[in-house]
Amino acid sequence: MKSENNVIIVGGGLAGLTCAIHLLKFGFKVTLIEKNTYPHHKVCGEYISNEVLPYLKWLDADPAQLNPTTITRLSISSATGKTINSSLPLGGFGISRFTLDNFLFEKATQNGCTIITDSVNAIEFKNDRFQIGTTKNGLLNARIVIGAYGKRSSLDQKLERGFIQKKSPWLAVKAHFKGDFPDDLVALHNFKGGYCGISKVENGDINICYLTDYQSFKTHKNISNFQKQVLYKNPHLKEIFENSVPLFDQPLTISQISFEKKEPVFNHVLMIGDTAGLIHPLCGNGMAMAIHSAKICAELTIQFLDGTISSRSILENNYKKEWNRNFKKRLAIGKLLSAIIRKEKLFAPLLNLLIKFPYVLPSIIKNTHGKPII
Ligand SMILES: Cc1cc2nc3c(=O)[nH]c(=O)nc-3n(C[C@H](O)[C@H](O)[C@H](O)COP(=O)(O)OP(=O)(O)OC[C@H]3O[C@@H](n4cnc5c(N)ncnc54)[C@H](O)[C@@H]3O)c2cc1C
């Protein structure tokens, strides 16, 4: 492969690593720049939709070898604890990001990916080439740059992306626990100002991860007070917290999470995963979307590099079109559901309706998910 055809991927989460593995499978030269070392924990509910399985198997990265839990049921409760149960139409599996990202990192490395541990601080496009600024490795050049650096980065500020100027009032907290929880269940328990997901990961640990608006959080002095005074009002959350033992010294937190609209292509960079758009976590589909967008991007990039797509503008337009066709509706439904779920006055009647007509919930779930990716 000619070296001027090289690809640089910025960010080595699920989207970046999957995209790298796909491009490597077709013999392309890929450099991936990730600011953190592997393995590491990430704030994430760690429930992943089965829609990714055929594609991961095709990439020779079948997560079955990591012994994930098999999740087939969903339970949702209102802030007062009123509950509805449903089967998950496609189902999913529970795997920690500590294990999954590291697995894909090892796969990418074995397949010949150059992985640089560094932070990208600038991306410039000039004369049909990219110049990437890094903190430790100076300037790097590439024909294609793929942005896979997650939901928010100082790079977005540097690129002057629109969403970064807007307020992003969400805060997320995640930790692993030992305790009693069914292997095959993902629970979504609401509380005033947010919602909390619970499911098990590969080693039987329980992932408890919640999203809350920062305004309601900041009046409480710390995470422990907040949980006791706000989350415990939902009896399901009180029970799980009181009967489980935390495995992290401190929970992981991230703030300024934004669900604003983003651009799948910006400054000629093809954006994948959360860098292109973040779906509300209550849908449990962000990881599948990250992996799916990586596939779409890799396929079109290959066509551009082998000359099947004749120009960069066609590549960019095709990617935007495919991205919107696959994900735009899902994001809109996720946004709507999140708005309803946060307002008890709207959510309570919806929950009653779902209890009366139980077949409606699987159909809502289907609309926030895709089909198996092949
Ligand atoms: C609270 C919460 C719960 C969630 N729960 C679920 C769930 O249960 N199921 C689900 O499917 N989805 C869930 N999601 C969504 C899911 O976590 C994301 O959609 C997924 O992580 C996206 O993967 P990614 O590769 O795009 O980004 P990431 O996994 O965030 O990877 C981005 C990578 O880029 C690196 N990076 C950033 N900036 C730079 C830079 N300048 N230079 C170099 N590297 C850089 C970062 O270190 C990181 O490793 C949840 C999200 C939140 C916020």
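Which residues touch the most other members of the largest nonpolar core? In this predicted model, they are Ile9, Leu23 and Ile123, in a core of 100 residues. Helix H8, which spans residues 286-305, gives the most to this core, contributing 13 residues. A separate core of 23 residues lies apart from it, including Val173, Ile208, Phe226 and Leu231.

The surroundings of Leu23 were examined with its neighbours within four places in sequence left aside. On that basis, leucine 23 is in contact with Val7, Ile9, Phe28, Val30 and Ile146, and also with Ala298, Thr301 and Ile302.

The ligand is surrounded by 33 residues, of which Glu34, Gly45, Tyr47, Arg97 and Asp274 are the closest. By class, the residues of this shell comprise 13 nonpolar, twelve polar and eight charged. Oxygen atoms of the ligand are approached by both backbone and side-chain atoms of the protein. A polar backbone atom of alanine 15 is 2.9 Å from a ligand oxygen. For asparagine 36, a polar side-chain atom lies 3.3 Å from an oxygen atom of the ligand, and for glutamate 46 a backbone N or O atom lies 3.3 Å from a ligand oxygen. On its own, the ligand has 1000 Å² of accessible area, and the protein covers 95% of this.

Helix H1 (14-25), strand E2 (30-34) and helix H8 are the elements that give two or more residues to the shell around the ligand. Of the elements, H8 gives the most to this shell, with three residues. Helix H8 thus appears in both settings, giving the most to the largest nonpolar core and the most to the ligand shell.

Key
Residues numbered from 1 in each chain as written. Predicted model: local features only at pLDDT ≥ 70, side-chain atom pairs only at ≥ 80, totals over all residues. Heavy atoms only, no water. Core = buried A, V, L, I, M, F, W, Y, C linked by side-chain atoms within 4.5 Å. Buried < 20%, exposed > 50% of the residue type's maximum accessible area, 1.4 Å probe, protein only. Helix = DSSP H or I, 4+ residues; strand = E, 2+ residues; numbered from the N terminus. Contact = heavy atoms within 4.5 Å. Near = heavy atom within 4 Å. Polar contact = N/O pair within 3.5 Å; in protein donor to acceptor, adjacent residues only side chain to side chain. Areas by Shrake-Rupley, 256 points an atom, 1.4 Å probe, with all protein chains shown as cover. Nonpolar A, V, L, I, M, F, W, Y, C, P; charged D, E, K, R; others polar.
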